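Here are my notes for anyone opening this structure for the first time. Have the sequence and the 3D view side by side and work through the points in order.

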Amino acid sequence: MIGVANLEDIPQLLRLINSCYRGEESKKGWTTEALLIEGEVRTDSSDLVDLINAEDGCILKYTSENTIIGCVNLQKQGEKIYLGMFSVNPDFQGAGIGKKILFAADEFAIQKSCKAIKMKVISERHELVSWYIKYGFHPTGEELPFPKDNKFGKPLKELKFIVLEKKLK
């Protein structure tokens, strides 16, 4: 079931997001960043509080038996929705949950009268970029530097983001 996350969901969201992207547990899934970024933390509770409380955004959660096994951060930026922290528990990847979350993101964007959804993906993550292209996203040609502050991990090599965008009908 897909719904909007609230502050009480933060402990589960933290476990989910961090386990999908960082540390040993993330290596069970194909969305891991552990081979590119050193560290165990992809986000923290203060960031999640800010995202949940944002006026023009939300975190959608996918729950099964009262456990959050998928989520996505959606924030309105002008006529576009920024999509981030897209996560599916590594034990459930490949079961169609990600596709359902993406469709829910499309619906959210349309409800907000947006014309497109955009995101940043680490350029080294070719398999992930291909997956997003399969679901209607396209590289814009824009590249952005990877943050140098190491707040949520230290890059193991020089990294950059590419921007993907999906036009909505």
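**Notes on the fold**

1. Start with helix α5: the cover over its buried residues includes β5 (80-88), α4, β6 and β9. Bear in mind as you look around that this is a predicted model.

2. Which residues of α5 are the buried ones? In this helix, which spans residues 126-134, they are Leu-128, Val-129, Trp-131 and Tyr-132. They sit on the same side of α5, because the arc they cover around the axis is only 155°. Turn to the face pointing away from that buried side and you'll find the exposed residues His-126, Glu-127 and Lys-134. Just past the helix, Gly-136 has a positive phi of about 100°.

3. Tyr-132 deserves a closer look. Setting aside residues up to four places away in sequence, Tyr-132 touches Phe-86, Met-119, Val-121, Phe-137 and Leu-164. Tyr-132 also belongs to the largest nonpolar core, a set of 44 residues, where Leu-13, Leu-83, Phe-86 and Tyr-132 touch the most other members. Which element gives this core its largest share? That's helix α4 (residues 97-111), with seven residues. There is also a second, separate core of six residues, and among its members are Leu-36, Ile-37, Phe-146 and Leu-159. As a general point, nonpolar side chains in soluble globular proteins tend to be buried together.

4. Next, strand β9, covering residues 160-167. Is it mostly covered or mostly open? Mostly covered: six of its eight residues are buried. Strand β9 pairs with β6 (residues 116-122) through seven bridges, and the two run antiparallel. If you want a spot to check by eye, Val-121 has Ile-162 in β9 as its bridge partner. Strand β7 (residues 138-145) is joined to β9 as well, through five bridges and again antiparallel. For that pairing, try His-138, which stands opposite Glu-165 in β9.

5. Now a lysine that I'd point out to any newcomer. Lys-61 lies in strand β3 (residues 57-64). Is Lys-61 buried or exposed? Buried: its relative accessible area is 16%, and the cut-off for calling a residue buried is under 20%. The side chain of Lys-61 makes a polar contact with the side chain of Asp-9, at 2.9 Å.

6. Staying with Lys-61, look at what surrounds it. Apart from neighbours within four places in sequence, Lys-61 is in contact with Met-1, Ile-2, Gly-3, Val-4, Ala-5, Asp-9, Ile-68, Gly-70 and Cys-71. Ala-5 is a good one to pick out: Lys-61 and Ala-5 are 56 residues apart along the chain, yet their C-alpha atoms are separated by 5.7 Å.

7. Last, the cysteines. How many disulfides does a search of the whole structure find? Zero. For Cys-20, the nearest cysteine sulfur is that of Cys-71, 7.2 Å away. A disulfide would need the two sulfur atoms within 2.5 Å, so a gap of 7.2 Å leaves Cys-20 unpaired. Cys-20 is buried, with a relative accessible area of 0%. Cys-58 is in no disulfide either, and again the nearest cysteine sulfur belongs to Cys-71, this time 11 Å away. Cys-58 is buried too, at a relative accessible area of 6%.

Definitions and conventions:
Residues numbered from 1 in each chain as written. Predicted model: local features only at pLDDT ≥ 70, side-chain atom pairs only at ≥ 80, totals over all residues. Heavy atoms only, no water. Buried < 20%, exposed > 50% of the residue type's maximum accessible area, 1.4 Å probe, protein only. Helix = DSSP H or I, 4+ residues; strand = E, 2+ residues; numbered from the N terminus. Pairing = 2+ DSSP bridges. Core = buried A, V, L, I, M, F, W, Y, C linked by side-chain atoms within 4.5 Å. Contact = heavy atoms within 4.5 Å. Polar contact = N/O pair within 3.5 Å; in protein donor to acceptor, adjacent residues only side chain to side chain. Arc of directions from axis to C-beta.
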